[in-house]
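This report describes the fold and packing of a single model. The sequence and structure come first, followed by the sheet, the helix and the cores.

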Amino acid sequence: MSNVFLIRLADLDQDSSLKIDHTVPSDFLKTFDNQLDFEGLVKLFGKAYLTDDHLIIKISAKASTKMDCSVCNGPAIKEISLEDHYITKPLAEIIDQVFDFSEELRQALLLETPPFLECEGGKCPQRSEIEKYSKKQASSKQNEEVYFPFENLDHQLNNEG
Ligand SMILES: [Zn+2]
C-alpha cells in the first residue's frame, strides 16, 4: 500500500496542484502515552502545490476521538475537524524530494482536541448529581474544624504491643 502522507515533488510542477482525497485508519494519530484514543477512519481532503521555494499543503480532516467522560468515566466520543489547515515546508528542507506530512497533520489534529470530554455531547447525565454533592461538600467543610486523623499515629503505634 502506498503511503498517502507522502508528497513526491516529482508529482508536482509550478502550474498544477496535487489533489489529496483519502480515508485512512486513525492509527497514525496514536499518542505515545496513549492518553488520547482516536477511533475509526480519518478523512482527508485538500491539495498540495508549489510556490517558488515552498511546498504548500492545504488540508481538511475529520477524525473521531474517544476519551473517558470527565464526570462519569464512561465513553465519550467527539468528532474533531480541521478546516483548511496549511502546512508549509521550504523546498530546501525536503530530503530526497519526498515529504511526509503525517506528523504535521497529527500535531494539528491534536491541537483541535479538547483536554477533556463529557459524554452525551457534553451533557453527562451524572453531572447534576456531582454538582449537588460538591456543593454540599463545600458548605459543610466551612463549618467543620480541621482535624488531622493521623496526627498521633506515631505515638499510638509506639504504645501498641
Ligand atoms: Zn458521563
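## Sheet

In this predicted model, four strands form an open sheet in the order 2-3-4-5, and their pairing is antiparallel. Strand 2 (18-25) and strand 5 (75-90) are the edge strands; each has a single partner strand, so one side of each has no neighbour in the sheet. From one strand to the next, the twist averages 10 degrees.

## Strand pairs

Eight bridges link strand 2 to strand 3 (residues 37-50) in the antiparallel sense. K19 has K47 in strand 3 as its bridge partner.

Strand 4 and strand 5 also run antiparallel, joined by 14 bridges. Across this pair, I59 is opposite H85 in strand 5. The hairpin of strand 4 and strand 5 has six residues between the strands, and N73 there adopts a positive phi near 70 degrees.

## Helix on the sheet

Helix 1 (residues 102-111) lies across strand 4 (54-68) and strand 5. Relative to strand 5, helix 1 runs at about 135 degrees.

## Nonpolar cores

The largest nonpolar core contains 15 residues, and I7, I57, A61 and A63 have the most contacts inside it. At least two residues of this core come from each of strand 3, strand 4 and helix 1. Strand 4 supplies the largest share, five residues.

Leaving aside residues up to four places away in sequence, A63 touches S26, L29, F38, V42, I80 and L109. Another core, of seven residues, lies apart from the largest one and includes M67, V71, L117 and C119.

Methods: Residues are numbered from 1 along each chain as its sequence is written. This is a predicted model: local features need pLDDT of at least 70, side-chain atom pairs count only at pLDDT 80 or more; totals for chains, interfaces and linings use all residues. Two strands pair if DSSP finds at least two bridges between them. Axes are lines fitted to C-alpha atoms, for helices over the stretch in contact, and angles run from 0 to 180 degrees between N-to-C directions. Two residues are in contact if their C-beta atoms, placed from the backbone, lie within 7 Å. A nonpolar core is a set of buried Ala, Val, Leu, Ile, Met, Phe, Trp, Tyr and Cys residues joined through C-beta atoms within 7 Å. A residue is buried if 20 or more other C-beta atoms lie within 10 Å of its own, exposed if 12 or fewer, and partly exposed in between; C-beta atoms are placed from the backbone.
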